[in-house]
Amino acid sequence: MGKVPTKLVSWDDVVEWSRGLAIKIKESNYRPDVIIAVARGGFVPARLLCDFLNVENLISIQSQHWTEAAKAADKAIIKFAYELDLSGKKALLVDDIVDTGESLMLARDFIMKHWKPAELRIAALQWISPVAKLKPDYYYIEVTEWVWFQYPWTRLEDTFQFLKRMLSEESKYKAEWSYDEIVKKFYEWYEIDVGETYFKDAIKMLIEEGILELRNNKYYYKSS
Ligand code: ADE
């Protein structure tokens, strides 16, 4: 497991991108009756699109493909599949990013088969065009080289996973770590600054999970 090219996305970016995405949808004259957020990544963009597009109806579907930051699970699944009647409704399915596109394709197929909206279009903040099997009807940014986007809603989860991966690799060469050494190595690996609060919380989680041990102000990686 190696280093992952990573970019930090701020809350301000998310608002700006969601607003830009809303403008594109408006310009196409598509007026959705209902927005469907793909859980969990689509929640914040979907809520912002409701605001920017003046849409009251917001529901969600949980379709998951990625289980860990920047590591693909085997396949996408619909969690908590439920029945719903969307006949006669124009729907907009929203996610943060189209990466492989598999979780969105699964959600789209499920919705068309079970919820039967009159029309379903897909919107995402970002679309990784060289790897995606699906092109969304609307996107704000086309990404041409694969990157892991560190969105603000997965900051702790990602920092935890990134630290775990980095420490499992780097602890082959170095057993004892100070807090500052961990921060420095994290920056070398990922080149993003998640801030001290997230960093400390992620380290706390690693200790709680039994992955790190703290003794005399030094951290030790515990291989399982
Ligand atoms: N979820 C799936 N692919 C992703 C990526 N490249 N960046 C952030 N979140 C993702």
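Q: In what way do helix 1 and helix 2 lie to each other?
A: In this predicted model, the axes of helix 1 (residues 11–27) and helix 2 (residues 43–53) cross at roughly 50°. Angles of 65 to 115 degrees count as roughly perpendicular and those under 35 degrees as roughly parallel, and the crossing angle falls in neither class. Helix 1 and helix 2 are therefore oblique.

Q: Is the crossing of helix 1 and helix 2 left-handed or right-handed?
A: The two axes come within 9 Å of each other. The hand of the crossing of helix 1 and helix 2 is right-handed.

Q: How many residues of the contact of helix 1 with helix 2 are nonpolar?
A: Helix 1 brings W11, V14, V15, S18, R19, L21, A22, I25 and K26 to the contact, and helix 2 brings V44, P45, L48, L49, F52 and L53. By class, one of these residues is polar, two are charged, and the nonpolar ones number twelve.

Q: Is helix 4 oblique or perpendicular to helix 6?
A: The axes of helix 4 (residues 155–170) and helix 6 cross at roughly 60° and come within 9 Å. The class of roughly perpendicular runs from 65 to 115 degrees. Helix 4 is therefore, with respect to helix 6, oblique.

Q: How many residues of the contact of helix 4 with helix 6 are charged?
A: The crossing of helix 4 and helix 6 is right-handed. Helix 4 supplies R155, L156, T159, F160, L163, K164 and L167, which meet Y198, F199, D201, A202, I203, M205 and L206 of helix 6. Ten of the residues in this contact are nonpolar and one is polar, and the number that are charged is three.

Q: At what angle do helix 5 and helix 6 pack?
A: Helix 5 passes helix 6 in a right-handed crossing. The axes of helix 5 and helix 6 are 12 Å apart, and the angle between them is about 110°.

Q: How does helix 5 lie with respect to helix 6?
A: Helix 5 and helix 6 pack at about 110°. An angle between 65 and 115 degrees is the criterion that applies here. Helix 5 is therefore, relative to helix 6, roughly perpendicular.

Q: How many residues of the contact of helix 5 with helix 6 are nonpolar?
A: From helix 5, Y179, I182, V183 and F186 meet E196, F199, K200 and I203 of helix 6. None of the residues in this contact is polar and two are charged, and the nonpolar count is six.

Q: Where is the cis peptide bond that leads to R40?
A: Most peptide bonds are trans. R40 sits in the loop between strand 2 (34–39) and helix 2. With omega near 5°, the cis bond leads to R40 from A39.

Q: Is E191 buried or exposed?
A: E191 lies in the loop between helix 5 (179–190) and helix 6 (196–208). E191 has a positive phi of about 55° although it is not a glycine. Exposed residues are those over 50% relative accessible area. E191 is at 60%, so the residue counts as exposed.

Q: What is the phi of N217?
A: Most residues other than glycine have a negative phi. N217 is in the loop between strand 10 (212–215) and strand 11 (218–221). At 67% relative accessibility, N217 counts as exposed. N217 is not a glycine, yet its phi is positive, about 70°.

Q: Is S103 buried or exposed?
A: S103 belongs to helix 3 (residues 102–115). Leaving aside neighbours within four places in sequence, S103 is in contact with S63, Q64, H65, A76 and D95. The cut-off for burial is under 20% relative accessible area. S103 has 13%, so the residue is buried.

Q: What is the distance in space between Y138 and W127, C-alpha to C-alpha?
A: Y138 is in strand 7 (residues 138–143) and is buried, with a relative accessible area of 6%. Leaving aside neighbours within four places in sequence, its contacts include L21, K24 and I25. Y138 and W127 are eleven residues apart in sequence, and their C-alpha separation is 9.2 Å.

Q: What percentage of the residues in the protein are buried?
A: The protein has six helices and eleven strands, and its C-alpha atoms fill a box of roughly 65 × 30 × 30 Å along the principal axes. The exposed area is about 11800 Å², of which carbon and sulfur atoms supply 49%. Of the 224 residues, the buried share is 48%.

Methods:
Residues are numbered from 1 along each chain as its sequence is written. This is a predicted model: local features need pLDDT of at least 70, side-chain atom pairs count only at pLDDT 80 or more; totals for chains, interfaces and linings use all residues. Side-chain values use heavy atoms; hydrogens and water are left out. Axes are lines fitted to C-alpha atoms, for helices over the stretch in contact, and angles run from 0 to 180 degrees between N-to-C directions. Helices (H or I, at least four residues) and strands (E, at least two) are DSSP runs, numbered from the N terminus. Angles under 35 degrees count as roughly parallel, over 145 as roughly antiparallel, 65 to 115 as roughly perpendicular and the rest as oblique. A crossing is left-handed if the near helix is turned anticlockwise from the far one by less than a right angle, and right-handed if clockwise. Contact means heavy atoms within 4.5 Å. Ala, Val, Leu, Ile, Met, Phe, Trp, Tyr, Cys and Pro count as nonpolar, Asp, Glu, Lys and Arg as charged, and the others, Gly among them, as polar. Buried means under 20% relative accessible area, exposed over 50%, partly exposed in between (1.4 Å probe, protein chains only). Accessible areas come from the Shrake-Rupley method with a 1.4 Å probe; for residues, only the protein chains shown count as cover.
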